[in-house]
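Grab a coffee and open the viewer. Below are some exercises to work through, with a solution after each one.

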Amino acid sequence: MKTHRAFCTVETRGHTDVHDLTEPLRRAIAESGIREGQALVFVSGSTAGVTTIEFEPGLRKDLPELFERLAPEKADYHHHATWGDDNGAAHLRAALLGPSVVVPIAEGAPLLGEWQQVVLVDFDTRPRRRRVLLQAMGE
Ligand code: ZN
């Protein structure tokens, strides 16, 4: 079995900013030479997450609105008392979404649905530079 590790860097605006990672993932899998296996997409950090969604303008607004209903940004959180931070909602949203997805690799490409993109969601309360791991494993 072969493992190939690549990273992509994403400049975000924070506040549940959604970025499409599908092309960097395709490139990383192509570079790896792996034809059959799995690819892990992982963001390190406790205020961002990775998921799949249809990357279109409506859902790019619907997703932040959903998280605003679940964990409002302006609410008060115990986390704010711990560190003097203002991003309790960002941590909770990231915990709900999770930091990674695993995508099957088939014939050298990610086996995604036609309307399914892999996205990074940055929940923090300020712009961030995120480094996302794209790790392909297989044969
Ligand atoms: Zn914090």
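**Exercise 1: an odd backbone angle**

Thr16 sits in the loop between E1 and strand E2 (17-20); helices (H or I, at least four residues) and strands (E, at least two) are DSSP runs, numbered from the N terminus. A quick note before you start: this is a predicted model, where local features need pLDDT of at least 70 and side-chain atom pairs count only at pLDDT 80 or more, while totals for chains, interfaces and linings use all residues. Residues are numbered from 1 along each chain as its sequence is written, and side-chain values use heavy atoms, with hydrogens and water left out.

Task: work out whether Thr16 is buried or exposed, and what its phi is.

Solution.
- Step 1. Take the cut-offs: buried means under 20% relative accessible area, exposed over 50%, and partly exposed in between (1.4 Å probe, protein chains only).
- Step 2. Thr16 has a relative accessible area of 4%, so it is buried.
- Step 3. Its phi is positive, about 65°, even though Thr16 is not a glycine.
- Step 4. Now try Glu107, in the loop between E5 and strand E6 (109-110). Glu107 also has a positive phi without being a glycine, at about 50°. With a relative accessible area of 63%, Glu107 is exposed.

**Exercise 2: pairing up charges**

Task: find how many salt bridges there are, then go through three of them and classify each partner by accessibility.

Solution.
- Step 1. Apply the rule: a side-chain nitrogen of Lys or Arg within 4 Å of a carboxyl oxygen of Asp or Glu. The count comes to six salt bridges.
- Step 2. One of them joins Arg13 and Asp17, at 3.0 Å from N to O. Arg13 is exposed at 59% relative accessibility, whereas Asp17 is buried at 4%.
- Step 3. Another links Glu68 to Arg93, with N to O at 2.8 Å. Glu68 belongs to helix H2 and Arg93 to helix H4 (residues 88-97), so this pair ties together parts 25 residues apart in sequence. Glu68 is partly exposed at 35%, and Arg93 is buried at 2%.
- Step 4. In the bridge between Arg130 and Asp122, the closest N and O atoms are 2.7 Å apart. Arg130 is buried, at 3% relative accessibility, and Asp122 is buried too, at 0%.

**Exercise 3: who touches Glu73?**

Task: place Glu73 and list what it touches.

Solution.
- Step 1. Glu73 is in the loop between H2 and helix H3 (78-83), and it is buried, with a relative accessible area of 17%.
- Step 2. Look for contacts (heavy atoms within 4.5 Å). Leaving out residues up to four places away in sequence, Glu73 touches His15, Glu68, Ala89, Arg93, Phe123 and Thr125.
- Step 3. Check one of these neighbours: Glu73 and Ala89 are 16 residues apart in sequence, with their C-alpha atoms 5.3 Å apart.

**Exercise 4: two rings**

Task: how are the rings of Phe67 and Phe123 arranged?

Solution.
- Step 1. Rings of Phe, Tyr and Trp (its six-membered ring) pair if their centres lie within 6.5 Å; planes under 30 degrees apart count as stacked, over 60 as edge-to-face and the rest as tilted. The structure holds one such aromatic pair.
- Step 2. The ring centres of Phe67 and Phe123 are 4.8 Å apart and the planes are at 65°, so the pair is edge-to-face.
- Step 3. Phe67 is in helix H2 and Phe123 in the loop between E7 and E8, so to speak of distance along the chain, they are 56 residues apart. Both residues are buried.

**Exercise 5: the greasy middle**

Task: which residues have the most contacts inside the largest nonpolar core?

Solution.
- Step 1. A nonpolar core is a set of buried Ala, Val, Leu, Ile, Met, Phe, Trp, Tyr and Cys residues joined through side-chain atoms within 4.5 Å.
- Step 2. The largest one has 22 residues, and Leu21, Leu25, Val41, Val118, Leu120 and Val132 have the most contacts inside it.
- Step 3. Strands E1 (2-12), E3 (37-43), E4 (48-53), E5 (100-106), E7 (117-122) and E8 (128-138), along with helix H1 (22-32), each supply at least two residues of this core.
- Step 4. Apart from it lies another core, of nine residues, among them Val18, Leu63, Ala90 and Ala94.
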